[in-house]
Amino acid sequence: MVKLVTLEDIDAAAGRIAADIVRTPLLAAGWGDPERPLWLKPENLQPIGAFKVRGAFNALGRLDADIRAAGVVAYSSGNHAQAVAYAAAVFGIAAHIVMPEETPTVKVQATRDHGAQVVLCGAGQREAVAAELVERTGAVLVPPFDHPDVIAGQGTIGLEIAQDLPEVATVLIPISGGGLASGVGTAIRALCPQAKIFGVEPELAADTAASLAAGHLVDWPVAQRNRTIADGLRATPSRLTFAHLQRVLDGVITVSEDEIRSAVRQLARGSHLVAEPSGAVALAGYLTAETPPGPTVAIVSGGNIALPLLAEILSESQ
């Protein structure tokens with residue numbers, strides 16, 4: 001039986017990581033639907049430009065000092081890579097990061113800039129390559145979502161939402177591997193039981209929606225998930241995260257590629273926030289779906305976007 005993360009785990013994580021992360025504000029978006037007043041949770045303002053830094057610091061902070069000293073291994077399409085590299089640098093340990101060859105260059109370079117050794121791999125090979133690195137280096141693996149310490153770290157976002165907007169009616173969360181929604185959903189369920197919680201994912205990588213509808217994990221091929229512009233949302237839930245998602249989500253909203261691009265533009269023009277496509281999907285869900293009335297929070301999960309792509313999206317007409 002899968003052991004689920006608890007509110008107590010998330011509370012402990014909040015204390016553990018407080019000195020190393022930004023407690024992001026809730027920003028009121030005056031351009032939202034008056035019946036669904038919108039607040040944005042700008043995790044793109046974190047030191048590495050994404051929410052992943054929370055889970056990375058909690059996971060590394062939970063390691064015994066002697067185990068941590070051997071270094072860490074991670075695999076990621078980008079934001080978890082940067083988060084682990086950044087946290088490892090703060091702890092003064094080595095980091096070996098496996099990244100798919102199709103990862104945007106901006107994310108690969110940012111990971112290297114934090115001092116990590118980056119190993120590029122073919123599509124669908126990152127877990128196997130990471131396992132080889134663990135065997136060769138003796139370092140400990142810090143997975144991007146399939147670990148209770150990572151989930152608890154991401155859940156601290158939910159604590160902050162509950163503290164800043166206890167009357168929240170709806171929370172919209174990007175979904176990929178499911179660590180963010182697992183943690184945030186656990187916190188919101190415990191502290192704001194009246195709130196509805198929706199995951200949002202691209203139509204081209206809607207394996208979570210398919211899995212929840214089927215009642216079991218449904219595997220979408222890597223090539224199929226890699227079609228979406230939202231490169232940070234190409235992973236698939238694990239047994240651990242799926243168990244959380246089944247418990248905490250009220251549903252999943254899927255959004256098109258055009259809707260994701262439009263949300264990137266709206267965040268830039270309406271709220272002066274730079275969001276990568278993966279970071280804009282929650283807003284895309286708000287803009288396109290009929291969510292319940294009342295105060296709504298959309299998590300802007302990251303802002304690590306290549307400037308040419310940002311310029312291209314911003315130049316497009318609405």
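## Exercises on a predicted model

Strand E3 (residues 72–75) and strand E6 run parallel and are joined by two bridges. Keep in mind as you work that this is a predicted model. Let's start with that sheet.

### Exercise 1: The sheet

Work out in which order the strands of the open sheet lie, and which strands form its edges.

*Solution.*

- Step 1. Begin with the pair introduced above: valine 72 stands opposite valine 140, a residue of E6.
- Step 2. Now widen the view. The open sheet is built from four strands in the order E5-E4-E3-E6, with parallel pairing.
- Step 3. Look at the two ends of that order. Strand E5 (117–121) and strand E6 (140–141) each pair on one side only, which makes them the edge strands.

### Exercise 2: The aromatic pairs

Find the aromatic pairs of the structure and decide how the rings in each are oriented.

*Solution.*

- Step 1. There are two aromatic pairs to find.
- Step 2. Take phenylalanine 57 and tyrosine 86. Their ring centres are 5.9 Å apart and their planes make an angle of 85°. Planes over 60 degrees apart count as edge-to-face, and that is the label for this pair.
- Step 3. Place the partners on the fold. Phenylalanine 57 belongs to helix H2 (residues 52–62) and tyrosine 86 to helix H4 (residues 79–91), so their contact ties together parts that are 29 residues apart in sequence.
- Step 4. Check accessibility. Phenylalanine 57 is buried at 2% relative accessibility, whereas tyrosine 86 is partly exposed at 22%.
- Step 5. Turn to phenylalanine 57 and phenylalanine 91. Here the centres are 6.2 Å apart with 40° between the planes, and the pair is tilted. Phenylalanine 91 lies in helix H4 and phenylalanine 57 in helix H2, so this pair ties together parts that are 34 residues apart in sequence. With 30% relative accessibility, phenylalanine 91 is partly exposed.
- Step 6. Put the pairs together: Phe57, Tyr86 and Phe91 are linked into a cluster by ring pairs.

### Exercise 3: A charge over a ring

Identify the ring over which the charged end of arginine 36 sits.

*Solution.*

- Step 1. Follow the side chain of arginine 36 to its charged end, which sits over the ring of tyrosine 286.
- Step 2. Read off the distance to the ring centre: 4.2 Å.

### Exercise 4: Salt bridges between distant parts

Of the twelve salt bridges in the structure, examine those of glutamate 160 with arginine 54, aspartate 231 with lysine 107, and aspartate 250 with arginine 189. For each, say which parts are tied together and whether the partners are buried or partly exposed.

*Solution.*

- Step 1. In the salt bridge between glutamate 160 and arginine 54, the closest N and O atoms are 2.9 Å apart. Helix H7 (residues 148–164) holds glutamate 160 and helix H2 holds arginine 54, so parts that are 106 residues apart in sequence are tied together. Glutamate 160 is buried at 7% relative accessibility, and arginine 54 is buried at 0%.
- Step 2. For aspartate 231 and lysine 107, the closest N and O atoms are 2.7 Å apart. Aspartate 231 sits in the loop between helix H10 (222–225) and helix H11 (239–248), and lysine 107 in helix H5 (residues 105–113), so the pair ties together parts that are 124 residues apart in sequence. Aspartate 231 is buried at 9%, as is lysine 107 at 1%. The two side chains are also listed as joined by a polar contact of 2.7 Å.
- Step 3. The N to O distance for aspartate 250 and arginine 189 is 2.7 Å. Aspartate 250 is in the loop between H11 and strand E9 (251–255), and arginine 189 is in helix H8 (residues 179–191), so this bridge ties together parts that are 61 residues apart in sequence. Aspartate 250 is partly exposed at 37%, and arginine 189 is partly exposed at 23%.
- Step 4. Finally, look for shared partners: Lys41, Glu43, Arg54 and Glu160 are joined into one network by such salt bridges.

### Exercise 5: The annotated domain

Describe residues 21–302 using the UniProt record and the model.

*Solution.*

- Step 1. In the record, an unreviewed UniProt entry, residues 21–302 carry the feature "domain: Tryptophan synthase beta chain-like PALP".
- Step 2. In the model, this span is 45% helix and 17% strand.
- Step 3. Compare its two ends: the end C-alpha atoms lie 14 Å apart.

Note on methods:
Residues are numbered from 1 along each chain as its sequence is written. This is a predicted model: local features need pLDDT of at least 70, side-chain atom pairs count only at pLDDT 80 or more; totals for chains, interfaces and linings use all residues. Side-chain values use heavy atoms; hydrogens and water are left out. Rings of Phe, Tyr and Trp (its six-membered ring) pair if their centres lie within 6.5 Å; planes under 30 degrees apart count as stacked, over 60 as edge-to-face and the rest as tilted. Buried means under 20% relative accessible area, exposed over 50%, partly exposed in between (1.4 Å probe, protein chains only). A charge sits over a ring if NZ of Lys or CZ of Arg is within 6 Å of the ring centre and within 35 degrees of the ring normal. Two strands pair if DSSP finds at least two bridges between them. A salt bridge is a side-chain nitrogen of Lys or Arg within 4 Å of a carboxyl oxygen of Asp or Glu. UniProt positions are given in the numbering used here, feature names are shortened, and annotations may be inferred rather than shown by experiment. A polar contact is a pair of N or O atoms within 3.5 Å; within protein, one must be able to donate a hydrogen and the other to accept it, and residues adjacent in sequence count only if both atoms are side-chain atoms.
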